[in-house]
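Reader: I am new to reading protein models, and I would like to understand how the words used for them are justified. Could we go through this one slowly, setting each value against its definition?

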Amino acid sequence: MAYLKDQRRETMMVEGSWNIGAYRYKGSTQLQEYVDGLKEKKLIGSLCPGCGKVIVQPRNICGRCHRRMDKRMVVSHKGTITCFVISPPIEKGKYKIIGMDPVEAGVIQEGAILVPVFVRFDGADSNINTILLNCPPEKVHIGMRVKAVFVENPEGKLSDLEGVEPLKE
Amino acid sequence: MLRNAAIIGCGQTKHSGRRRDVNQAELVSEAVHNALEDAQVSLKEVNALVVGNMQGFGGVANPDLWIGDWIGAPGKPVLRIATGGTTGGSVGQGGFYSVMSGLYDIVVATAWEKHSDSKEAGATTGLLHVALANFFHAFGYGLSMKNLLATSAVGAAAGVAAYQARFYMHRSGCRSEHFDMVAAKARRNAARNKYAHLQWPNCTPEDIHKTELIVDPFRYGHVCPASDGASAIVIACEDIALKKCKRPAWVKGLASYSDEETQMQSESGGGVGVLDPSEQMGARLSAMKAYQQAGIKDPKQEIDVAEIYQPFPSQELLFSEKLGLFDEGKAWIAMEKGETEINGRMPCDPSGGVNATNAIGSSALQRILEAGLQVMGKAEDHQVPKKVRNAVAHGWGGVTNYITVTVLGETPAPRR
Ligand SMILES: [Zn+2]
């Protein structure tokens, strides 16, 4: 048992990178319905006949009642922030997500402060995780009213919903 | 329950950021042999083993196929269990089931993680694997890199826990300063536990508050380390436990629940905590079931110490409520009063917990092991200074949706 330990005092490092190629997924048809809705600037959810909850994006089975959620509902563009976190100013070389540096990749500006939020759109019971836009970070709070911001020409992609911005009511 | 089982021996390794002197098998063997020595049981007497680490971590796909020689497994039934962060909790419960069912009389349950075998500890093979399984399909529906990076770059180290913490803060009125207090307590307690990783005697909330902000509400000082380490317990049936051990830790109740509604994004379209990631219904259900089996009616009075899975300090607070140890939204007030300190009314994580030591696969088994040590009176410098009739051990994992709860006690559960 101590055989290997006696032979080598330390573990070795083998450097390399491996291409994982592609995975196959079925993906959910509910997600397809949702992005089809985004193309029309509509936020689509599903209604649970058991508990009456409306879940956006739609899912086929209620997580609690385990009943089929066949009925579709369109919820409002207006909503309420239910949760937020605030990043420090994003620095180059600090974060790596799936092997990418967001600043180097050019998707986030150096020094930007990001405010990811959960938004409950009016008529929904669930939250969408998105980004708060056009708002100084110190202004964000739970209960804040916001509205959806879509790209100019939606194409039926998750990225059609850019985020949310403060709503003046 | 078919028959009683008890923990009769515990073993672990010293935890640290980098154990370059051992490979995974050697690391696990240290814990197993310490446990066997503690139980005064020889390898020959062990009937079967239950083993596990977080799937895909440590760069070895199926370590169970390879470590057998080191832990006395050849020729014996081995069951590998991997349930994400709860792996160790499930491994422990798998060991209990094996003995309680009557299949085996003496079983070793061991769990581990060796983060440092990955170049970026924990962040490469393991988490990529989780990511692939859970949201890569969304690229097929036009998930933009910007949106992904913005929502996950920010949470990189903290992930869903930061959102969960914010929900809890809003619901309970607790503030980020209370996370400083929990983290400081974890490091102080760890300093009394010779096996723990982040040991910091006399650590104060101010010390934690000085650390850099990762993502509001979390600071670096709030976050668990990535540890190398292993833990093991020896489980025996009633006859053997009584013969071999003066003060065994009896398994009185155990349950595990998955709550689909708190799942991370998955192919079935569950969102990141669709409603409220701090609700954790699975923990409530697991605790209720385990207490019922244990004959515990009022956990506030009957549980004497808790080992809670708390990689983030907010989780010690919110899960202690789900385990029924405090009223909803009130744990931070009890913590402010010192009730959760080692010498408090309801000590939480006297070992320092996951917040001070996180060898992921092992972490939830360590909660069971540490609860066992408290019942057996063998926790040395972090032994709580009171009689321990019942101790509760908790695990949180899966894809943020899965919970294990185990109740150990000084006497077997009442027969029903
Ligand atoms: Zn329902």
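Author: Let us begin with a definition: helices are DSSP runs of at least four residues and strands are runs of at least two, both numbered from the N terminus. With that in hand, B:E380 can be placed in the loop between α14 (360-376) and β10 (390-397) of chain B. Please keep in mind throughout that this is a predicted model.

Reader: How do you know whether B:E380 counts as buried or exposed?

Author: Exposed means over 50% relative accessible area, and B:E380 has 54% relative accessibility, so B:E380 counts as exposed. The backbone of B:E380 also deserves a remark, since its phi is near 50°, a positive value in a residue other than glycine.

Reader: Which residue of chain A has a positive phi, near 50°, although it is other than glycine?

Author: That residue is A:N134, which has its place in the loop between β6 and β7 of chain A. Its relative accessibility is 61%, and because exposed begins over 50%, A:N134 counts as exposed.

Reader: What makes A:G143 buried, partly exposed or exposed?

Author: Buried means under 20% and exposed over 50%, with partly exposed in between; A:G143 has a relative accessible area of 39%, so A:G143 is partly exposed. A:G143 belongs to the loop between β6 (128-131) and β7 (145-150) of chain A, and, leaving aside its neighbours within four places in sequence, A:G143 is in contact with A:T80 and A:I81. From A:G143 to A:E169 there are 26 residues in sequence and 13 Å in space, taken C-alpha to C-alpha.

Reader: Why is B:T86 called buried?

Author: The limit for buried is under 20%, and B:T86 has 0% relative accessibility, therefore B:T86 counts as buried. B:T86 sits in the loop between β3 (78-80) and α2 (87-100) of chain B. Not counting residues up to four places away in sequence, B:T86 touches several residues, among them B:A364, B:W396, B:Y402 and B:T404.

Reader: What does the side chain of B:T86 reach, and at what distance?

Author: The side chain of B:T86 reaches the backbone oxygen of B:T83 at 2.7 Å.

Reader: What makes the pair B:K114 and B:D117 a polar contact?

Author: A polar contact within protein needs a pair of N or O atoms within 3.5 Å, one able to donate a hydrogen and the other to accept it, and the side chains of B:K114 and B:D117 make such a contact at 2.8 Å. B:K114 is found in strand β4 (residues 106-114) of chain B, and with 0% relative accessibility, set against the limit of under 20%, B:K114 counts as buried.

Reader: Where are the cis peptide bonds that join A:V56 to A:Q57 and B:D216 to B:P217, and what is omega in each?

Author: The bond between A:V56 and A:Q57 is cis, with omega about -10°, and A:Q57 has its place in the loop between β2 (54-55) and β3 (71-75) of chain A. The bond between B:D216 and B:P217 is cis as well, with omega about 20°, and B:P217 lies in the loop between β5 (213-215) and β6 (218-219) of chain B.

Reader: How many helices and strands does chain A have, and in what order do its elements run?

Author: Chain A has two helices and eight strands, and from the N terminus on they run α-α-β-β-β-β-β-β-β-β.

Reader: Why is chain A called more spread out than a compact globule?

Author: For 169 residues the globule rule gives 15 Å, and the radius of gyration of chain A is 22 Å, well over that value, so chain A is more spread out than a compact globule. Along its principal axes, the C-alpha trace of chain A spans about 70 × 40 × 30 Å.

Reader: What share of the residues counts as buried in chain A, and what share in chain B?

Author: In chain A, 41% of the 169 residues count as buried, while in chain B this holds for 65% of the 416 residues. The secondary structure of chain B comes to 14 helices and 11 strands.

Note on methods
Residues are numbered from 1 along each chain as its sequence is written. Chains are lettered from A and ligands numbered from 1 in the order in which they are written. This is a predicted model: local features need pLDDT of at least 70, side-chain atom pairs count only at pLDDT 80 or more; totals for chains, interfaces and linings use all residues. Side-chain values use heavy atoms; hydrogens and water are left out. The radius of gyration is taken over C-alpha atoms; the globule rule is 2.2 Å times the number of residues to the power 0.38. Buried means under 20% relative accessible area, exposed over 50%, partly exposed in between (1.4 Å probe, protein chains only). Contact means heavy atoms within 4.5 Å.
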